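Welcome! Let us take a walk through this structure together, from its overall outline down to single residues.

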Amino acid sequence: MLDLLLPQRCLVCGAGGTPLCAACRARLPPLTPPLCARCGAPTAWPVARCRECAGRRLAFASARAALRYDEDVRRLVSAWKEQGQRGLAEDAAALVADVVARPAAVLVTFVPADPGRRLRRGYHPAQRLAESLARRWQLPCEPRLQRSGTSRRQRGLSLAERRRNVRGAFGSAPVRGSIVLVDDVYTSGATANAAASALRAAGAARIEVVTFARAIRFSH
Ligand SMILES: [Zn+2]
Ligand SMILES: [Zn+2]
């Protein structure tokens with residue numbers, strides 16, 4: 001309710017009106033092809049595997065995102081998490097749907113909230129994004145994953161620590177067929193991979209990871 005009463009400000013530049021103004025929206029950095037077909041990293045030409053994912057066993061078939069995770073996008077996502085801006089899920093879903101084709105899937109689900117993170121009035125951006133995308137794609141959206149371990153938040157951990165931290169961190173209710181797994185940001189891929197592993201173990205045939213933004217670790 002409170003969201004409706006507070007004056008809306010652009011989370012990137014602070015201009016009044018909407019949580020993401022038209023000028024900032026137009027300046028957000030799209031993640032455009034060529035990409036690695038598997039992990040979605042930008043590459044010099046289309047490849048089946050890239051430097052970032054070669055040699056890694058990934059539980060998901062592909063990962064796609066709307067935006068590069070640069071400073072503006074980081075500010076936007078952290079404000080989205082802290083302030084729980086409801087209008088933003090629709091903007092984020094529109095940006096994702098612009099670049100990610102509707103997956104051939106039977107269900108959309110999402111990565112559950114970080115352990116220890118206090119959700120502002122229960123608002124979880126990954127869930128809102130998943131729900132909004134599912135509506136656009138006319139697919140059901142349901143929670144399937146739970147945090148099962150005692151993993152810490154990923155922020156501030158090294159790549160190796162991230163992978164170790166989330167291994168076995170998720171459990172999943174039974175699933176079948178192709179699943180779309182939604183999260184807000186793909187950073188190292190460790191969280192998406194651990195969540196996808198749990199879905200696979202619970203019966204999923206194939207998993208497509210879809211996120212709002214993706215960190216770029218190598219420049220090609
Ligand atoms: Zn703005
Ligand atoms: Zn790759």
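How much of the chain, out of its 220 residues, counts as buried? The answer is 51% of the 220 residues. Please keep in mind as you look around that this is a predicted model.

Let us begin with the outline. The C-alpha atoms of the chain fill a box of roughly 45 × 40 × 35 Å along the principal axes. A compact globule of 220 residues would have a radius of gyration near 17 Å, and because the chain itself has 17 Å, the two agree. Contacts tell us something about how the chain folds back on itself: among those with a separation of 6 or more, 74% are between residues 24 or more positions apart.

Next come the building blocks. You will find seven helices and six strands in the chain. If you follow the sequence from its start, they appear in the pattern α-α-β-α-α-β-α-β-α-β-β-α-β.

Now turn to the sheet. Four of the strands form an open sheet in the order β1-β6-β5-β2, with parallel pairing. At its edges are β1 (62-68) and β2 (107-110), each of which pairs on one side only. From one strand to the next, the twist averages 25 degrees.

We can cross this sheet one pair at a time, starting at β1. Strand β1 runs parallel to β6 (residues 204-214), and six bridges join the two. Two positions help you find the pairing: S62 stands opposite E208 in β6, and R64 stands opposite V210 in β6. Although β1 is an edge strand, five of its seven residues are buried, so β1 is largely enclosed by the rest of the structure.

From β6 we step to β5 (177-186). These two strands, β5 and β6, pair in the parallel sense over nine bridges, and here D183 stands opposite T211 in β6. Nine of the ten residues of β5 are buried, so this strand too is largely enclosed by the rest of the structure. The last step takes us to the other edge, where four bridges join β2 to β5, again running parallel. In this pair, V108 stands opposite V180 in β5.

What lies across the strands β2, β5 and β6? Helix α5 (residues 125-137) does, running at about 135 degrees to β5.

One residue worth a pause is P103, placed in the loop between α4 (86-99) and β2. Is P103 buried or exposed? At 2% relative accessibility, under the 20% cut-off, P103 counts as buried. Leaving aside neighbours within four places in sequence, P103 is in contact with W137, L139, V180 and E208. You have already met two of these partners in the sheet: V180 stands opposite V108, and E208 stands opposite S62. Along the chain P103 and V180 are 77 residues apart, yet their C-alpha atoms are separated by 7.2 Å.

Finally, let us visit the metal sites. Which residues coordinate the zinc ion (ligand 1)? They are C10, C13, C21 and C24, each through its SG atom, at 2.3 Å. Written as a sequence motif, their spacing is C-x2-C-x7-C-x2-C. The four donor atoms subtend angles of 103 to 115 degrees around this ion, which makes the arrangement tetrahedral. The surroundings of two donor residues can be set side by side: C10 is buried, with a relative accessible area of 4%, whereas C13 counts as partly exposed at 43%.

The zinc ion (ligand 2) is coordinated by the SG atoms of C36, C39, C50 and C53, at 2.3 to 2.4 Å. Here the spacing of the donor residues is C-x2-C-x10-C-x2-C. C36 and C53 are 17 residues apart, and both sit in the loop between α2 (22-27) and β1. Why is the arrangement around the zinc ion (ligand 2) called tetrahedral? Its four donor atoms subtend angles of 97 to 115 degrees, and the name applies because all angles lie between 85 and 135 degrees. C36 is buried, with a relative accessible area of 0%, and C53 is buried as well, at 1%.

How values were computed:
Residues are numbered from 1 along each chain as its sequence is written. Chains are lettered from A and ligands numbered from 1 in the order in which they are written. This is a predicted model: local features need pLDDT of at least 70, side-chain atom pairs count only at pLDDT 80 or more; totals for chains, interfaces and linings use all residues. Side-chain values use heavy atoms; hydrogens and water are left out. Two strands pair if DSSP finds at least two bridges between them. Axes are lines fitted to C-alpha atoms, for helices over the stretch in contact, and angles run from 0 to 180 degrees between N-to-C directions. Contact means heavy atoms within 4.5 Å. Donors are N, O and S atoms within 2.8 Å of the metal (3.2 Å for Na, K and Ca); water is not among the atoms, so sites may look incomplete. Four donors count as tetrahedral if all angles lie between 85 and 135 degrees; four count as square planar and six as octahedral if opposite donors are over 155 degrees apart and all others between 65 and 115; anything else is irregular. Buried means under 20% relative accessible area, exposed over 50%, partly exposed in between (1.4 Å probe, protein chains only). The radius of gyration is taken over C-alpha atoms; the globule rule is 2.2 Å times the number of residues to the power 0.38.
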